[in-house]
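Hi,

Here's the structure I said I'd pass along. Have a look at it first, and then read on for what turned up.

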Amino acid sequence: MRTLVPVLLASLLLACNTQPPKPAQPWPQFLDAFMEDYFRADPPFAVRQGRHEFDGQLPDWSRGAIEQRIAALKTSRLAAAGYDDAALTAQQRYEKQYLLSRIDSDLFWMDEVEQPFTNPAFYVNDEMDPSVYVARPYAPAGVRLKAFIAYARALPAAAAQIRANLRTPMPKTWVDLAQKSFDGYAAFFRKDVPKAFAGVKDRRLQRELKDAIGPAATAMDELAAWMKAEQARATDDFAL
């Protein structure tokens, strides 16, 4: 893995040799468009920000989609850098710096560190967490149950993408964390979720929940079993 210093030097050289384009639209419109694109690419993040029209959705974690997202972030960064600070208000300058910082963080983890392909934590930390539907009373339980069902139905395909993405062997600590996380999700789906939504009296929704939980929990079982099998050849190469 590349060390951080050469990566930063390369980024600085790229910034010096790449001329930002002139803005194609006023800053507020650019910022709004960026946020909508960001939410569509990362629905769990959108849900955590209160955008519940994205309820139940998971990102496309295929390699091609991740590569497209990285390319889009780089394009957006270059476009944002093209806005002249002198032409922006103090609030807009703050927004610009915050946006650039967010993009830089995402690009570091996704592109430089290649976390989607090296570390299960990319998936199990926040992105797969369904507690927003189960424990956060942002809507009636029936509405949140519908969202959880959609989430559960999306999990088997997401699990297949996760397995296809991750390169092995992985560090022992990462493997251990992943196994415990996937096992925990499976147990949570089977034991805690039905209890959390027991008060929903809609029989159709309860039947759909039962049908969705089985494949979702099995997908987590299979990922956990894969991680357990990887423990024998796991490494100590956890440092950046």
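Before the details, one term: helices here are DSSP runs of H or I with at least four residues, and they are numbered from the N terminus. One caveat as well: this is a predicted model.

**Overall layout**

The protein has 11 helices and zero strands, so there is no sheet to look for, given that strands would be E runs of at least two residues. Of its 240 residues, 40% count as buried. The C-alpha trace spans about 60 × 45 × 25 Å along the principal axes. As for contacts with a separation of 6 or more, 78% of them come from residues 24 or more positions apart.

**The core**

The largest nonpolar core contains 65 residues, and Met 128, Phe 148, Tyr 151, Phe 182, Phe 189 and Met 220 have the most contacts inside it. The biggest contribution to this core is from helix α11 (residues 203-230), with 12 residues. What does Met 220 touch, leaving out residues up to four places away in sequence? Its partners are Met 128, Leu 155, Ala 159, Phe 182, Tyr 185, Ala 186 and Phe 189.

**A pocket you may want to look at**

The second largest pocket has a volume of about 380 Å³. It is lined by 16 residues, and the closest to its centre are Arg 102, Asp 106, Gln 115, Phe 122 and Glu 127. Three elements give two or more residues to the lining: α3 (43-48), α5 (90-112) and α7 (121-124). Of these, α5 gives the most, with five residues. Sorted by class, the lining has seven charged, six nonpolar and three polar residues.

**A loop residue**

Asn 119 sits in the loop between α6 (115-118) and α7. Is Asn 119 buried or exposed? Its relative accessible area is 9%, so it counts as buried, the cut-off being under 20%. Leaving out residues up to four places away in sequence, Asn 119 touches Leu 166 and Trp 174.

**Salt bridges**

A search of the whole structure gives 17 salt bridges. A few that you can check on screen:

- Asp 37 pairs with Arg 40, with the closest N and O atoms 2.3 Å apart. Both residues are in helix α2 (residues 27-41), three residues apart, or about one turn of the helix. Asp 37 is partly exposed, at a relative accessible area of 45%.
- Lys 74 and Asp 111 meet through their side chains at 3.0 Å, N to O. This pair links distant parts of the chain, with Lys 74 in helix α4 (residues 63-81) and Asp 111 in helix α5, 37 residues apart. Lys 74 counts as partly exposed, at 44% relative accessibility.
- Glu 114 and Arg 167 form a salt bridge at 3.1 Å, N to O. Glu 114 is in the loop between α5 and α6, while Arg 167 is in the loop between α9 (141-165) and α10 (172-196), so the pair ties together parts that are 53 residues apart in sequence. Both ends are partly exposed: Glu 114 has 29% relative accessibility, and Arg 167 has a relative accessible area of 38%.
- Glu 36, Arg 51 and Glu 53 are joined into one network by salt bridges that share partners.

Cheers

Definitions and conventions. Residues are numbered from 1 along each chain as its sequence is written. This is a predicted model: local features need pLDDT of at least 70, side-chain atom pairs count only at pLDDT 80 or more; totals for chains, interfaces and linings use all residues. Side-chain values use heavy atoms; hydrogens and water are left out. On a 1 Å grid over the protein atoms alone, a cavity is a set of points where a 1.4 Å probe fits but cannot get out, and a pocket is an open set with protein on both sides within 12 Å along at least five of seven lines; lining residues have an atom within 4 Å of a point. Grid points are joined across faces, edges and corners, and a volume is the space filled by probe spheres set on the points. Ala, Val, Leu, Ile, Met, Phe, Trp, Tyr, Cys and Pro count as nonpolar, Asp, Glu, Lys and Arg as charged, and the others, Gly among them, as polar. Buried means under 20% relative accessible area, exposed over 50%, partly exposed in between (1.4 Å probe, protein chains only). Contact means heavy atoms within 4.5 Å. A nonpolar core is a set of buried Ala, Val, Leu, Ile, Met, Phe, Trp, Tyr and Cys residues joined through side-chain atoms within 4.5 Å. A salt bridge is a side-chain nitrogen of Lys or Arg within 4 Å of a carboxyl oxygen of Asp or Glu.
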